[in-house]
Amino acid sequence: MSKMLAGLTVLLIAGFCQAADLSVADLMQMLGQKKSGTATFVEKKYIAVLKQPLESSGELAFTAPDRLEKRTLKPKAESVVLEGNKLMLERSDGRKMTVALSDRPEVAAFVESIRATLSGDRGALERFYTVGLNGSTEQWQMSLTPIQPRMLKVISQIRIAGKQAQVRTIEFLQADGDRSEMVITNTSSK
Amino acid sequence: MKPRHHKLALLVWLAVMLASVLVIAQTRFVADLSAFMPKVPSARQQMLIDQLRDGAIARIVLVGIEGGDEAERGRLSRLLVSRLAHSPRFTSVQNGDSKTQQRDQQYFFNNRYLLSPAVTPARFSAAGLHAAIQDTLDAMSGGAGLVVKKILPRDPTGETLQILDQFIGESQPRTSDDIWVSRDGKRAVLLLQLAESGLNTDAQAAALEDVRQTFASLPERHADTRLVMSGTSVMSVLSRNTIQSEVERLATVGTALVVALLLLVYRSLPLLLLGLIPVVSGALVGIASVSLGFGHVHGLTLGFGTTLIGEAVDYSIYLFIQRAGGNEPGHFWRTIRLGVLTSITGFAALMFSSFPGLSQLGLYSISGLVTAVLVTRYILPGLMPARLNLRDLSGPGLVLQKGLDFLTRMRWVMAAALLAAVAVLVFHQQDIWNRQLNALSSISKEQNKLDAELRGDLGGNDMRYVASFSAPDQESALRLAERTRRVLQDLARQRVIGGFHTPDELLPSQASQWARQAALPAATEAKQRLEQALSGMPLQADQLQGFLADVEHGRTQPLLTRQSLQGSAASVLLDSMLIKRPNGYLVLMPLRPSGEGPKADEIALDKVRSALERQQLSQVTVIDLLEETTAIFDSYTHEALVFSSLGCLAILVLLGFTCGWLQAVRVIIPLGCAVLCVVAIFDACGIQLTILHLVGLLLVVAIGSNYALFFANKQQLGSEAEQRQVEVSLVVANLATVTSFGLLGTSSVPVLSFIGSTVAIGALLALVFSAMMARIHPRT
């Protein structure tokens, strides 16, 4: 009887744990179902030499599988469009700059942390990062630790948290101790 | 001729030969392709073409290391740089490693207060500093935040960003593991700058060989790794080598072929040697006169020497074969004289060409031919045995006559060929002219492809649009460049152009540097203003001590000179933009297309021009090099058309005056048909004509007229048997010509092969058509 009970307990615990702990595969599958969405963001940069954080805000738009646009409105208009292999920067004075990700591996690593997460592309994430995950479907935190030594010199870790298929916050921890935190509020998604 | 006269002639001949040999011994032979690039009409165009050919741009060598794995290529790239860096043959050796990059970054960062166009007194007032620092903080909150953050403590006003701004949009080589690699990652790429200018091909060749040998001897190099190189210098060394080996091959094979042909006909060694005397004499005098007339002789002119063999040997062929027939050479010499005159008329047209190579060719041919015919006329008869022991050619002669008679009856074939040719030219709708300058280049497609790839890998644009001006000295050149930059900057904002470079970005004029220094406040003043500026900002003055120190340094540092850039990548760029010339400076500023809209890779130059004019900068000329070179080429094709037509007209007039208009028309018609048919054949084969094909056509008329003349005048030459001799000699002479030009046609040097193939086909057709048309109707 006690043996049976013990067996049942193990089963229960195992079952419970399965329900509570989200696997990377499950999360990616969940994120990958989303086709597109727009959101607003507020980003705060905490920098050692500055007494108070720098704040910027704007809009984000994602279209599966690989288009991501970050349009900063304050304090200065700027837009960054990531599409396929191309990263386009446009500043308020109209000047544009295009970078091919394949030419700039460190830039690729940087932008892939967000895009691959949004599109649920586990392969792309794991190409650049060691992926850690805890929490549940309702509240998960993913940690990305760069694999490339060059990247690691700049970014020590990226932490992304969310609820179900919604990414809520993205936090960049810089190697020098500075960090930035982006809070995302969804406005629409499909 | 009387023996005494003959002795005199012999003496004169020997003296001329000796003089020629002496001249040739002192002659400088060149083998680059420049002689077949047109001399452009305007000084400005000439200056630009010179720059692209010999200037700083032409000193750049693009190098790729292929094969092996990435780590091995990287190791070799580093080793190669360390081996070559200290060689005096190179002024710059780069592979994108952080060492060189840091040198450039340091130049821009350390000298930012002299380099940044934004440094003005207003910017360094308290309010100006406040605004500039706020801008930098705003930039920090944006996408480039990580970069900006690093410079903030020492450069809070963001002068480095102002300088970097000038390079935005530039495509950069791809970097992997700290060195440049190709776009596909399969090649490590390097950039060298040769110390020697393009004028010294030998020194450039030696430097390139140095690179190859250094690479080959790198320790523990994997066998499957290899070195590829491109760039103007590589191309010119390559084409020089091709030309040299081609000229040798053509001369050897050409001589062998003609000798074989003559042996076949003469079956006599003494006659063969005699027959070669006019040829050798002609060649010697030809080379000597070109040397005297031009100061040097181009290798390609020698290449054409083989064709002179073909032409000059004709005269001795005519002489021997007809002398063997025993006929009185009075009429014979008259016909020869006329033939030589028409040839000379044709070649004389070449002498007026703007292509130095073609005018050399003209002089060479005229002097060579005149010598050959004079030697044949006055030297050979005296040297010839009284009775020529020539093999009996009456057998082949009879067969030949039957063949020619047949051709004459087949006259309708010529009409049919003419109709077909016209039909091809009318219905085959393609541009018969090739407008590309590189159609004449002897560079292979593979090499061109490699060149394009390496340029792409190194992020270089192909220098199509250039704004340029000249100035008496460096300072005024830089000042004018600064004024131009402001206009170009506006144009870039309006997206008329995508980007640009000006030399003052790298080295501002002394005046601007001085003005910027004067705009910087002295130490105590600067500290006060900064404290004022920072009020209400999340930043404290004591965190910006580095900034104050740097401003003070900028205010008092010695002004930048060209030497300040030594060893940086920027110095290579500056060299290509700010060019010292014997009397002043030439500034070349590359413009990049915006890459937007329907004509993404084109620039509306009229907008650029009018913008410059509005700022009183009309001395700055903006050009599209592609259009310019095409236009130059077009104008030379046009010129060639004119001089070829004039040459043909002159030949017609000459014939008309000497043998009557009717006769002249009978001579001209087959020649015209031959020319049309050659053009139609090329057109049908999809070969576009170049200026050299046109020259070839002129030669077809010049050489072909000889055949037509002989056919037309043959009746005056005596009996039927003698006429047969004439015909045999004509066919043998034609074979010699077709052989020697046909050989040129096989050359891998386009300049040679274009003329060669045109003349070979044309001369053959001219003989056949002449036989059909100009020949007196067969009496059967």
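How many of the 24 residues of α29(B) are buried? The answer is 22, so this helix is mostly covered, where a residue counts as buried if 20 or more other C-beta atoms, placed from the backbone, lie within 10 Å of its own (12 or fewer make it exposed, and anything in between partly exposed). Helix α29 of chain B covers residues 750-773, and at 1.5 Å a residue it should span 34 Å; its end C-alpha atoms lie 33 Å apart, which agrees. The expected span here is 1.5 Å times one less than the number of residues in the helix.

The model is a predicted one, in which local features need pLDDT of at least 70 and side-chain atom pairs count only at pLDDT 80 or more, while totals for chains, interfaces and linings use all residues. Residues are numbered from 1 along each chain as its sequence is written, and chains are lettered from A and ligands numbered from 1 in the order in which they are written.

Chain B holds 29 helices and 13 strands, taken as DSSP runs numbered from the N terminus (H or I over at least four residues for helices, E over at least two for strands). Of its 780 residues, 48% are buried. Two residues are in contact if their C-beta atoms, placed from the backbone, lie within 7 Å; among the contacts in chain B between residues at least 6 apart in sequence, 82% join residues at least 24 apart.

The largest nonpolar core (a set of buried Ala, Val, Leu, Ile, Met, Phe, Trp, Tyr and Cys residues joined through C-beta atoms within 7 Å) has 126 residues, and B:A674, B:V678, B:V695, B:V700 and B:A763 have the most contacts inside it. Beyond its neighbours within four places in sequence, B:V700 is in contact with residues including B:A674, B:V678, B:T758 and B:A763. A second, separate core of 91 residues includes B:L194, B:L458, B:F469 and B:L520. In soluble globular proteins, nonpolar side chains tend to be buried together.

Two further residues of chain B show how local surroundings are built. B:L488, in helix α19 (residues 474-493), is buried because 25 other C-beta atoms lie within 10 Å. Leaving out residues up to four places away, B:L488 touches B:I497, B:F500 and B:T502; from B:T502, 14 residues along, it is 9.3 Å away, C-alpha to C-alpha. B:F108, in helix α4 (residues 98-110), is buried with 20 other C-beta atoms within 10 Å. With the same residues left out, B:F108 touches B:L115, B:T160 and B:I163, and its C-alpha atom is 9.8 Å from that of B:L565, 457 residues apart along the chain.

Chain A averages a pLDDT (the predictor's confidence in each residue, from 0 to 100) of 82, with 87% of the residues scoring at least 70. Over residues 1-19 the pLDDT is below 50, and this stretch has zero contacts beyond near neighbours in sequence. Where pLDDT is low, the predicted coordinates should not be read in detail.

Strands pair if DSSP finds at least two bridges between them. In chain A, β8 (residues 139-146) and β9 (residues 155-163) run antiparallel and are joined by five bridges, with A:M142 partnered by A:I160. Eight bridges link β9(A) to β10 (residues 166-174), also antiparallel, and form a hairpin with two residues between the strands.
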